[in-house]
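Reader: I would like a close look at a single part of this model, taken slowly and with its surroundings in view. Please treat it as one connected account.

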Amino acid sequence: MTSATPLLEIRDLQIGFKKHNHTVDIVNGISFSLQRGEIVGVVGESGCGKSITSLSVLRLLADNAVLNGTILFDGVDLAKLSDKEMTKIRGNQISMIFQEPMTSLNPLHPIGKQIIEPLIRHGKMPKKDMKARAIELLTVVGLSRPTEIYDSYPHELSGGMRQRVMIAIALACNPKLIIADEPTTALDVTIQAQIIHLMKSISEKFGTSFMLITHDLGVVAEICDRVIVMYAGEIVEEADVRTLFKNTQHPYTTGLMKSIPSAHETKGRLEPIPGAVPLAGEMPEGCRFAPRCAHAMDICMTKPLLTETGADHRCRCWLFAEKEGLHEPSLA
């Protein structure tokens, strides 16, 4: 389901926020692409720049944001569009599923009105057909009693039902890309599995691309075709999902793997990654993960590049230069 031309291609994206007389950098020159019909997971701890990256695609950043780079969507650079031009794309060609549906849905309006809102805004169909379309969408996302739910209010639904409604809203205009920001975080394990299955089936049935923002590699293993691992505003590893799990390369990704509980094996005590993600504006010199890395070396004071380490596998780490004999390692 992929093609030579990516649906989304981000080149050297840099995002910062103006604070007093200077700019605090959040995302530092990341580049990646997303093919048509592909599900890409963007993974990392809180504060790594995942959500900011996704919001930049929809140009939903705060007024004090500074954005540089290229965001090509279907051949159009979104970074250069006006607010009016972006309004035609949001909810129409690109939709977003937010983390907490209770705060994303309007408590004052019934579900049906909120589903047909993007249809009205983008003039997708005659008004007389919109209710039928909304009920169809509620059925597509697996909600029983769709006619009853159409007239219900958000507080009358469970968390899992509200998340399905959010997916129905995102699907209303048949978008090419859906950005899902931690869509399963607030749900119990059973409902999580149902939402994951639903997103995967939507991608397969409609050819919809997904950018999944998550900290949960377990979710990534279930649904994603490819994985981008972010740390402190940079991409540190990228590979297809099978390669990443079979041949994890970056120490940060390894740390994330070790912190995942498994139902199939007894790991004993989980191993957290020591320390915390550095604060914006306080990034260490060289490798940003070095202060937390058990493999840190003197050369890690020099910034590593994101380099090809295999077929469709990229990693930002000096350990691979060491393996190739490009420098003499010395432990820091």
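Reader: How many residues lie between E11 and E12 in the hairpin that they form, and which residue in the turn has a positive phi?

Author: The model is a predicted one, and the account below starts at the turn and works outward from there. Two residues separate E11 from E12 in the hairpin, and in the turn it is aspartate 312 that has a positive phi, of about 55°. The two strands of the hairpin pair in the antiparallel sense, over three bridges, and one of the pairs places glutamate 308 across from its bridge partner in E12, arginine 314.

On its other pairing, E12, which covers residues 313-315, is joined by two bridges to strand E10, residues 234-240, and these strands also run antiparallel. Here cysteine 315 in E12 has glutamate 237 standing opposite.

The hairpin belongs to an open sheet of eight strands with mixed pairing, whose order is E6-E7-E8-E3-E9-E10-E12-E11. Strand E11 (307-310) stands at one edge and strand E6 (94-97) at another, and because each has a single partner strand, one side of each is left without a neighbour in the sheet. On average, neighbouring strands of this sheet are turned by 25° against each other, with direction ignored.

The next topic is the cysteines. The structure holds zero disulfides. For cysteine 293, the closest cysteine sulfur is that of cysteine 317, and the distance of 6.3 Å is too far for a bond, because a disulfide requires the two sulfur atoms to be within 2.5 Å. Cysteine 300 is likewise in no disulfide, the nearest cysteine sulfur being that of cysteine 287, 5.6 Å away. As for exposure, cysteine 293 has a relative accessibility of 16% and therefore counts as buried, and cysteine 300 is buried as well, with a relative accessible area of 8%.

These cysteines come up again in the internal spaces. There are two cavities of 30 Å³ or more, and the largest cavity holds about 70 Å³ of space. This largest cavity is lined by 13 residues, of which Cys287, Cys293, Cys300, Cys317 and Trp318 are the closest to its centre. By class, its lining consists of 10 nonpolar, two polar and one charged residues.

The second largest cavity has a volume of about 50 Å³, and its lining includes Cys287, Arg316, Tyr231, His250 and Phe289. Glu234 and Val236 are also among the residues that line this cavity, and both numbers fall within the span of strand E10, residues 234-240. The lining of the second largest cavity is made up of five nonpolar, two polar and four charged residues.

The other edge of the sheet leads to an open space. The second largest pocket has a volume of about 500 Å³, and among the 20 residues that line this pocket, Met96, Phe98, Arg121, Met166 and Ile169 are the closest to its centre. Edge strand E6, helix H4 (111-121) and helix H7 (159-171) are the elements that give two or more residues to the lining of this pocket, with H4 giving the most, five residues. The pocket lining has 10 nonpolar, six polar and four charged residues.

Technical notes: Residues are numbered from 1 along each chain as its sequence is written. This is a predicted model: local features need pLDDT of at least 70, side-chain atom pairs count only at pLDDT 80 or more; totals for chains, interfaces and linings use all residues. Side-chain values use heavy atoms; hydrogens and water are left out. Buried means under 20% relative accessible area, exposed over 50%, partly exposed in between (1.4 Å probe, protein chains only). On a 1 Å grid over the protein atoms alone, a cavity is a set of points where a 1.4 Å probe fits but cannot get out, and a pocket is an open set with protein on both sides within 12 Å along at least five of seven lines; lining residues have an atom within 4 Å of a point. Grid points are joined across faces, edges and corners, and a volume is the space filled by probe spheres set on the points. Ala, Val, Leu, Ile, Met, Phe, Trp, Tyr, Cys and Pro count as nonpolar, Asp, Glu, Lys and Arg as charged, and the others, Gly among them, as polar. Two strands pair if DSSP finds at least two bridges between them. Helices (H or I, at least four residues) and strands (E, at least two) are DSSP runs, numbered from the N terminus. Axes are lines fitted to C-alpha atoms, for helices over the stretch in contact, and angles run from 0 to 180 degrees between N-to-C directions.
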